Amino acid sequence: MSLRMTFNMVMTTAMAIGLAMAWFMTARISAQEAKGAVLAEAVAIMEAADAVRHYTSLQVQPLLETQMHAQFLPQSVPFFAVQQTMDKLTERSPGYLFRMPTTNPTNPADRPADWEAKIIEQLASDAKLKEMVVERSEAGRDLLSYAQPIRVESETCLVCHSTPQTAPATLIDIYGPANGFGWKVGDTIGAKIVSVSQEVPRARARKSLVEIMMGLSGVFAVMLLVLNVLLHFSIIRPVRRLSQLADEVSLGNMAVPEFPASPSGEIGSLALSFNRMRRSLVTAMGMLGD
């Protein structure tokens, strides 16, 4: 086996092991960073929802207060405005879902699923708990859900949700007196939940991983090429030339020139030794001829 082939086999094996280690480490880091990025987006969606809620509460609700005596307008309810806005947003991003389930909702459509009820229960059990991240499977999909509690923070909410007797009559006409009452200030009555398909962070992780590995493979390929060029000009070519000169001398051709070499480096030392041997043979042959 030639020196070049041996060298390339060793270097290729070493690079393959290095790439495998890099793949393993980068895959974990990419997955963590992608999940962190998705959580950051979920937080941004939650902050957007809060902005819509505050805007509706401060700007829209007062404008519709008079009309509410004649007809209940759900558009004046901050959480209704949030859900409608987020539904439009998530229509354009199918991997995301925004929900605001409550344990005792006015609208039955807002009742929590079993997994949402568990989140609400856990948030209600700890008043200091401000957020939760839950990973689960549903319909063959792995989902990541980011949740924040919905707590009754002021008496304003109790206008519609304390008792049926104090609630607007127009609200009772639409939803009835059975649901959405008995709330108290400080109660955790639901949760805001952004759910994201795990395929979203996984796709991002795969994309990042492929890009990084392609970059590393390119670097290794360039390194191997440069090392092969260096090997050829610094070792293989000088050694071949020395081998040819040694063959000529061994066959009795003393007219071959000395090998030009610098005194530094292993190849230079080998060339100097060859030149000394050649001169010694020339001298010895000359003495024998005399």
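The exercises below, each with a worked solution, concern a predicted model of a protein chain.

**Exercise 1. The overall fold**

State how many helices and strands the protein chain has, and in which pattern they follow one another along the sequence.

*Solution.* The count of elements comes to seven helices and four strands in the protein chain. Reading along the sequence then gives the pattern α-α-β-α-β-β-α-α-β-α-α. As to burial, 32% of the 290 residues of the protein chain count as buried. Turning to contacts between residues at least 6 apart in sequence, one finds that 62% of them join residues at least 24 apart.

**Exercise 2. The packing of H1 and H2**

Describe how helix H1 and helix H2 pack, and decide which class of angle applies to the pair.

*Solution.* Two packed helices are described by the angle between their axes together with the distance between those axes. For H1, which spans residues 3-60, and H2, which spans residues 78-91, the angle is about 140° and the axes lie 8 Å apart. H1 is therefore oblique to H2, because an angle counts as roughly antiparallel only over 145 degrees and as roughly perpendicular from 65 to 115. The crossing in which H1 passes H2 is right-handed.

The next step is to list the residues that meet. H1 contributes Ile45, Ala48, Ala49, Val52, Arg53, Thr56 and Ser57, while H2 contributes Pro78, Phe79, Ala81, Val82, Thr85, Met86 and Leu89. Sorted by character, the residues of this contact of H1 with H2 comprise ten nonpolar, three polar and one charged.

**Exercise 3. Val77, between the two helices**

Locate Val77 and determine whether it is buried, partly exposed or exposed.

*Solution.* Val77 belongs to the loop between H1 and H2. With a relative accessible area of 26%, Val77 is partly exposed, since that class lies between the limits of 20% and 50%. Leaving aside residues up to four places away in sequence, Val77 touches Thr56 and Phe72, and Thr56 is also one of the H1 residues that meet H2. Val77 and Val60 stand 17 residues apart in sequence, and their C-alpha atoms are 8.8 Å apart in space.

**Exercise 4. Two polar residues, Ser145 and Asn228**

Work out the burial of Ser145 and of Asn228, and identify the polar partner that the side chain of each one reaches.

*Solution.* Begin with Ser145, which is found in strand E3, residues 141-151. Its relative accessibility is 1%, so Ser145 counts as buried. The side chain of Ser145 is joined to that of Arg136 by a polar contact of 3.4 Å. Beyond residues up to four places away in sequence, Ser145 touches Trp115, Met132, Val133, Val134, Arg136, Ile193, Val194 and Ser195.

Asn228 has its place in helix H6, residues 199-250. A relative accessibility of 13% means that Asn228 counts as buried. The side chain of Asn228 reaches the backbone oxygen of Leu224 at 2.8 Å. With residues up to four places away in sequence again left out, Asn228 touches Arg4, Phe7 and Asn8.

**Exercise 5. Glu199 and its contacts**

Place Glu199 within the fold, and find which residues it touches when those up to four places away in sequence are not counted.

*Solution.* Glu199 lies in helix H6. At 40% relative accessibility, Glu199 counts as partly exposed. The residues touched by Glu199 under the stated condition are Asp142 and Arg206. Glu199 and Asp142 are 57 residues apart along the chain, and 7.4 Å separates their C-alpha atoms.

Conventions: Residues are numbered from 1 along each chain as its sequence is written. This is a predicted model: local features need pLDDT of at least 70, side-chain atom pairs count only at pLDDT 80 or more; totals for chains, interfaces and linings use all residues. Side-chain values use heavy atoms; hydrogens and water are left out. Axes are lines fitted to C-alpha atoms, for helices over the stretch in contact, and angles run from 0 to 180 degrees between N-to-C directions. Angles under 35 degrees count as roughly parallel, over 145 as roughly antiparallel, 65 to 115 as roughly perpendicular and the rest as oblique. A crossing is left-handed if the near helix is turned anticlockwise from the far one by less than a right angle, and right-handed if clockwise. Contact means heavy atoms within 4.5 Å. Ala, Val, Leu, Ile, Met, Phe, Trp, Tyr, Cys and Pro count as nonpolar, Asp, Glu, Lys and Arg as charged, and the others, Gly among them, as polar. Buried means under 20% relative accessible area, exposed over 50%, partly exposed in between (1.4 Å probe, protein chains only). A polar contact is a pair of N or O atoms within 3.5 Å; within protein, one must be able to donate a hydrogen and the other to accept it, and residues adjacent in sequence count only if both atoms are side-chain atoms.
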